[in-house]
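Please open the structure in your viewer and keep the selection tool at hand, since this tour moves from one selection to the next and says what can be found at each stop.

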Amino acid sequence: MNAQSAFAVEARELVKRYGDLTAVDHINFTVNHGEAFGMLGPNGAGKSTTMRMIYCRTPLTAGTLLVDGLDVTQQARQIKTRVGVVPQENNLDPDLDVRENLLVYARYFGIKKAEAEQRTQETLELVALTEKQQVSVEELSGGMKRRLMIARALLNRPHILILDEPTTGLDPHVRHALWDMLRELRTRGITVLLSTHYMDEAEKLCDRLLIINDGKILVSGTPRELIATHASAFALEVRGCNGHQLLQPATNHIIADKRGSTHFYFAPSSELLAPLIQAYEGCETYLRPSNLEDVFLQLTDKDRLH
Ligand SMILES: Nc1ncnc2c1ncn2[C@@H]1O[C@H](COP(=O)(O)OP(=O)(O)OP(=O)(O)O)[C@@H](O)[C@H]1O
Ligand SMILES: [Mg+2]
């Protein structure tokens, strides 16, 4: 941590334009040192673009962006030594084996040979790939490649680890293993900044998060705050109700919503939803606590999600 910097990341009126397209539109947010911070949003929302500006891969158009107190427009070289990056697409060297991928990368950072060897073994152990170190990258499964990408991002002992959709396409076991690994990294004081489409991932991993759409921040806060503020405590899902009209609840404490052929009702107590369960007799009804997905779907453009 930079003793002088108040935040791990500080974005003020941050803008990124590609020609006529405004991919990131005057966003403001801060990430505290040592926290896990999530960015959620539909495809094309501006998550990767924001991350690429943070790790100095793409220049910003306007605004201010500080990483560990350093200005991305002037101190990119110092910032790059402090951040570890796992981009959305794997970009491992297919001609090298697992161990060599790490050693070559360590060389980019000017880490001396003996030290590079030691860090390679340490990080391989952390991501449980020690046994695979002599295997060609092409022979790794998707989950193993993701783990190797994380190992590579940790070689320079970053203060801030940036992960763009770290678990997309991975099976549930591997996702859980990765979550455990990220929690372990946090106990070492590393700030974790991640983007994800998985609401459960955001809920389980992130201290705070923001939901972004069309380059603008819709809401930010802790997962609990967002659920409490933007979705009532209980959700009733009704499936298989083709032909049924969305019922207009008798009380304005209930929010009614339709996504595809599924009807949703949100209420602060489960008792309020009981009459609706009766009204939908013969349909499949599920009463459950609201989750971040409810917040996300209510806030983002629903048409694009179907
Ligand atoms: N290099 C580029 N040149 C032109 N437009 C771009 C470029 N990179 C991204 N964009 C556009 O900027 C917008 C935001 O893209 P971005 O990749 O940041 O979205 P995202 O939130 O990461 O989406 P996803 O969930 O699909 O990864 C999109 O409209 C995209 O087409
Ligand atoms: Mg992306």
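## Around the ligand

Begin by selecting helix α1 together with ligand 1, because α1 contributes the most to the shell around this ligand, giving four residues. Keep in mind throughout the tour that the model you are looking at is predicted.

Next, select the whole shell, which consists of 15 residues around ligand 1, and then pick out Asn43, Gly44, Lys47, Ser48 and Thr49, the ones that come nearest. If you colour the shell by class, you should find five nonpolar, seven polar and three charged residues.

Now look at three of the nearest residues one at a time. At glycine 44, show the backbone, where an N or O atom lies 2.8 Å from an oxygen atom of ligand 1. At lysine 47, show the side chain instead, for one of its polar atoms lies 2.7 Å from an oxygen atom of the ligand. At threonine 49, a polar side-chain atom is again the one to find, and it lies 2.5 Å from an oxygen atom of ligand 1. With these contacts on display, turn to the ligand as a whole: on its own it has 630 Å² of accessible area, and the protein covers 64% of that. To see which elements give two or more residues to the shell, select β2 (21-31) and α1 (47-54).

## Pairs of helices

Leave the ligand and select helix α3 (residues 98-108) with helix α5 (residues 142-154), whose axes are 9 Å apart and which pack at an angle of about 30°. Angles under 35 degrees count as roughly parallel, and α3 and α5 are therefore roughly parallel to each other. The crossing that they form is right-handed.

Keep α3 selected, but exchange its partner for helix α4 (residues 113-126): here the axes come within 9 Å and cross at roughly 130°. How do α3 and α4 lie relative to each other, oblique or parallel? At this angle they are oblique to each other, and α3 passes α4 in a right-handed crossing.

For the last stop, select helix α8 (residues 223-230) and helix α10 (residues 292-299), whose axes come within 9 Å and cross at roughly 60°. That angle makes α8 oblique to α10. As you rotate the view, look for the handedness of this pair, in which α8 passes α10 in a left-handed crossing.

Notes:
Residues numbered from 1 in each chain as written. Chains lettered and ligands numbered in written order. Predicted model: local features only at pLDDT ≥ 70, side-chain atom pairs only at ≥ 80, totals over all residues. Heavy atoms only, no water. Near = heavy atom within 4 Å. Polar contact = N/O pair within 3.5 Å; in protein donor to acceptor, adjacent residues only side chain to side chain. Areas by Shrake-Rupley, 256 points an atom, 1.4 Å probe, with all protein chains shown as cover. Nonpolar A, V, L, I, M, F, W, Y, C, P; charged D, E, K, R; others polar. Axes fitted to C-alpha atoms, helices over the stretch in contact; angles between N-to-C directions. Parallel < 35°, antiparallel > 145°, perpendicular 65-115°, else oblique. Left-handed = near helix turned anticlockwise from the far one by under 90°.
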